Amino acid sequence: MSPVKEPAARQQTSSTEEINKLKRAFAYNLFYQLGKTTRRATWNDYYLAVAYTVRDRMQHLFVNSTEALLEKESKTICYLSAEFLMGPHLGNNLLNLGLYDDVAQAAEESGLDLQAILQHEEEPGLGNGGLGRLAACYLDSLASLQIPAVGYGLRYEFGMFNQELVDGWQKELSDRWLHSGNPWEIKKPDESCDVGFGGHTEIYHGEHGIRRKRWIPARVITGIPYDTPIPGYKVNNINCLRLWSAEAHTSFDFADFNTGDYYGAVEEKISAETITKVLYPNDEQFQGKRLRLEQQFFFVSCSLQDMIRGQLFTHANLDKLYENYQGQLNDTHPAIAVAELMRLLMDIHLYKWDQAWDITCKTLCYTNHTLLPEAMEKWQMDLFGTLLPRHLEIILDINWRFLDQVRLKYPGDNERISRMSIIDESGPRYIRMANLACVGSKAINGVAAMHTDLLRRHTLKDFNEMYPGKIRNVTNGVTPRRWIALSNPRLTALITEAIGEGWVTKLDELKKLEALVDDSSFKEAWREVKEANKKDVATLAREREGILINPRAMFDVQVKRIHEYKRQHLNVLHIITLYNRIKANPDLEITPRTFVFGGKAAPGYFMAKCMIKLITSVARVVNNDPDIRDQLKVFFIPNYNVKIGHIVYPMTDLSEQISLAGKEASGTGNMKFSMNGALTIGTLDGANVEIREEVGAENFFLFGLNVDEVMRMKQSGYHPMDYYYGNNELRGVIDLINSGHFSHGDTELFKPLIDELLHDDQYLLFADYQSYIECQDWVGETFKDKNKWTRMSILNTARMGKFSSDRSIEDYSRKIWQVKPFPVKLKWQRLPEGGIQFPEPID
């Protein structure tokens with residue numbers, strides 16, 4: 001069903017004149033912008049023509065938003081993130097601008113199919129998963145709440161790899177997301193920034209003989225900004241996503257070219273452009289680690305220089321930079337901002353240490369996203385010093401001053417000093433970027449109540465004791481605009497008909513649905529929405545892949561990054577358990593289920609790739625075994641992304657959130673599923689805890705050990721073989737995999753995966769197995785009771801108001817940023833008929 005029917009985005013029917021203007025704009029952009037006629041136009045040309053038309057209609061809002069900030073001061077939030085997983089822009093922009101119906105009508109009258117155009121749009125591959133998608137949701141909410149903001153990141157030429165399955169194994173292909181053009185971005189070469197690398201530092205004496213240091217870099221690379229407008233929902237505010245692209249300071253050397261050294265003539269250009277060539281290069285090798293560090297410093301330096309330039313455009317100095325710009329570090333990737341801002345303030349703008357440190361600590365804030373020690377980023381001292389010699393000096397100075405404070409507060413506690421030091425000296429020396437971010441930020445926040453509690457009690461315990469109250473909680477959220485209004489138009493129409501359209505911006509209003517939870521006609525309509533969404537998917541699968549799916553079966557879904565701690569293989573153990581039960585009793589009737597997996601494994605993560613191979617191998621056997629009688633189906637969706645998420649979340653009955661308790665910081669997929677009426681089977685991990693509190697324990701399928709039980713089990717000694725020998729069903733599942741039943745008789749294929757479970761099992765699959773199986777049996781029985789399941793589904797959606805990213809941004813604004821909405825009043829609706837009088841240009 002097309003989002004054209006989504007009433008929350010619907011405006012009053014536009015005049016014929018307005019529709020005709022859109023039609024003329026389509027034709028104008030096709031002819032003048034793209035140089036095409038309809039005889040030669042491709043689907044991509046039609047997409048670009050429509051996209052340019054929509055972008056043109058955002059421009060006056062974009063210009064007004066910028067001008068308003070110049071005329072009246074308001075703090076701007078600068079969200080620094082290595083990832084922005086924006087998803088397709090066109091549909092979301094149409095929704096937020098209130099143009100969906102108008103553009104759909106204009107397209108139809110022009111002989112175009114808007115849905116086909118939407119499907120054609122290439123998805124920007126600027127993120128890996130939850131971190132980048134969260135950043136995208138926050139940009140949407142910042143604009144919708146009318147809070148001025150800039151998202152700062154990298155314009156990767158090749159995004160997150162495209163995933164293909166070859167004989168059930170993941171194969172990575174380059175993601176050429178820019179090859180057909182990106183109509184949403186605007187290049188701003190006049191606002192470029194220069195970034196240095198390598199070289200050395202030197203001491204000199206400045207004004208009044210003051211001893212200072214300066215950095216003489218070995219090479220300089222230019223950062224070119226590309227701006228993408230981010231519209232709020234039915235407001236005048238437009239914020240900006242500013243992505244930096246690396247270019248050579250001098251791209252062509254005529255001297256080398258004239259002497260016949262043709263490669264040398266462009267070597268600097270090639271070297272520079274490598275920095276923004278690809279998202280997350282494999283960092284197993286030294287060159288990959290170096291490139292990761294270059295990427296992080298490059299976008300951070302450009303972004304901080306941009307913030308300083310903005311401050312100096314309207315103010316004489318940087319003394320109160322923090323009153324106008326608040327930098328939010330999205331995890332440790334941008335943590336080098338602490339040292340770079342200090343360098344810019346001291347070396348370029350000549351501030352003394354104490355004032356520079358005060359400005360830095362008041363300007364920057366840090367979000368921690370992980371509890372996994374291996375994800376706490378560290379850099380080898382030698383690598384860091386070679387690439388950023390001045391920053392190493394500054395970090396050592398920060399650490400020296402900081403540890404003196406620790407010694408004063410905790411005299412003689414050398415172990416604490418060692419733990420809190422920014423420099424890890426337990427072996428080869430490393431720089432701990434999380435410690436640097438903690439020391440140099442005014443606030444630290446976790447992303448779910450349990451995550452923040454674990455940060456305070458364990459991961460960042462020393463910092464919490466050193467700075468009481470500095471670690472705060474802001475539970476993650478997701479935007480209901482994209483994840484309900486845009487992606488689930490049937491549910492949107494049903495909810496809006498029942499309670500009005502206010503919920504799109506005030507998600508707490510979904511609570512009004514509770515009054516309808518026992519209304520038989522409403523429950524029937526709710527079921528019809530879910531079944532229609534599932535039928536759409538079944539039809540798509542049959543037409544595109546020739547796959548038959550029963551839309552009345554339970555759609556049991558786990559889509560997320562493939563990782564051992566997320567425990568996709570525990571889900572597989574359940575599938576094989578059901579398979580074994582049916583094989584042992586061919587007449588057994590169970591609740592029919594369609595299991596759906598999706599997600600990418602890091603290219604160098606063998607065990608995760610092995611998990612994908614296990615899923616696809618089990619699918620091949622289960623889907624083709626006549627004894628199963630189509631009661632079980634298993635599918636792995638390759639190349640899972642935001643666009644596929646638009647289909648998956650609305651269709652799902654059961655959401656698998658089964659990570660080991662204490663490993664997931666928050667999760668946001670769990671929120672998207674529940675908003676769309678899926679029920680959750682999960683552990684007390686991440687935001688699952690708060691979701692269960694909100695929707696009610698009776699509407700959540702809980703299993704497994706809690707965090708304290710996990711810790712006690714690991715401390716007392718965990719022996720997975722005890723569970724293997726003590727549980728007949730578990731042993732039958734493991735033995736069947738080991739026998740080669742799912743691998744054409746190859747008993748070695750899954751040996752690394754099974755050996756890890758039998759002899760280590762660091763994520764306690766065996767310990768949670770029986771609880772998980774019993775809970776899944778409860779799920780199966782509950783699904784048979786359609787009235788009960790529907791009631792639980794409605795309550796899940798009705799009680800998800802807390803998990804809107806609007807609420808998250810309001811929490812940040814109140815708890816951390818101290819920023820208020822800044823509504824933009826339209827000063828320029830359109831250019832005057834007689835043009836404008838141009839003043840002298842700025843330098």
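**Note on helix packing and the six-stranded sheet**

1. The buried residues of helix 4 pack against five named helices: helix 1 (16-33), helix 2 (43-71), helix 3 (90-97), helix 5 (114-120) and helix 19 (480-486). The model is a predicted one, and every remark below should be read in that light. Helix 4, which spans residues 100-109, is mostly covered, with 7 of its 10 residues buried; these are Tyr100, Asp101, Asp102, Val103, Ala104, Ala106 and Ala107. After helix 4 comes glycine 111, whose phi is positive, near 85°.

2. The sheet to be considered next is open and has 6 strands in the order 20-19-18-21-22-23, paired in parallel fashion. Its edges are formed by strand 20 (632-637) and strand 23 (701-702), each of which has a single partner strand, so that one side of each is left without a neighbour in the sheet. Strand 19 (residues 593-598) is joined to strand 20 by 6 bridges, the two running parallel, and within this pair phenylalanine 597 of strand 19 is set opposite phenylalanine 636 in strand 20.

3. Helix 22 (residues 568-584) packs on this sheet and touches strand 18 (554-559), strand 19, strand 20 and strand 21 (654-657), while its direction makes about 155° with that of strand 19. Helix 23 (residues 606-624) lies across strand 19 and strand 20, and runs at about 145° to strand 20.

4. Helix 22 also meets helix 29 (residues 728-738), the two axes coming within 9 Å and crossing at roughly 95°; helix 22 and helix 29 are therefore roughly perpendicular to each other. On the helix 22 side the contact involves Leu573, Ile576, Thr577, Tyr579, Asn580 and Arg581, and on the helix 29 side Glu729, Leu730, Gly732, Val733, Ile734, Leu736 and Ile737. By class, the residues of this contact divide into 8 nonpolar, 3 polar and 2 charged.

5. With helix 31 (residues 765-784), helix 22 packs at an angle of about 55°, the axes being 10 Å apart, and the two helices are therefore oblique to each other. The crossing of helix 22 past helix 31 is right-handed. His569, Leu570, Asn571, Leu573, His574, Thr577 and Arg581 in helix 22 meet Leu765, Phe766, Tyr769, Tyr772, Ile773, Gln776 and Asp777 in helix 31, which gives a contact of 7 nonpolar, 5 polar and 2 charged residues. Leu573, Thr577 and Arg581 of helix 22 appear both in the contact with helix 29 and in the contact with helix 31.

6. Helix 30 (residues 751-759) has Leu753, Ile754, Glu756, Leu757 and Leu758 as its buried residues, and these pack against helix 22, helix 23, helix 28 (720-726), helix 29 and helix 31. Aspartate 761 follows helix 30 and lies in the loop between helix 30 and helix 31.

7. Two aspartates deserve a check of their backbone angles. Most residues other than glycine have a negative phi. Aspartate 761, although not a glycine, has a positive phi of about 50°, and aspartate 167 likewise has a positive phi of about 55°. Aspartate 167 lies in the loop between strand 3 (162-166) and strand 4 (169-173). Are these two residues buried or exposed? Aspartate 167 is exposed, at a relative accessible area of 63%, whereas aspartate 761 counts as buried, because its relative accessibility is 0% and the cut-off for buried is under 20%.

Conventions:
Residues numbered from 1 in each chain as written. Predicted model: local features only at pLDDT ≥ 70, side-chain atom pairs only at ≥ 80, totals over all residues. Heavy atoms only, no water. Pairing = 2+ DSSP bridges. Helix = DSSP H or I, 4+ residues; strand = E, 2+ residues; numbered from the N terminus. Contact = heavy atoms within 4.5 Å. Axes fitted to C-alpha atoms, helices over the stretch in contact; angles between N-to-C directions. Parallel < 35°, antiparallel > 145°, perpendicular 65-115°, else oblique. Nonpolar A, V, L, I, M, F, W, Y, C, P; charged D, E, K, R; others polar. Buried < 20%, exposed > 50% of the residue type's maximum accessible area, 1.4 Å probe, protein only. Left-handed = near helix turned anticlockwise from the far one by under 90°.
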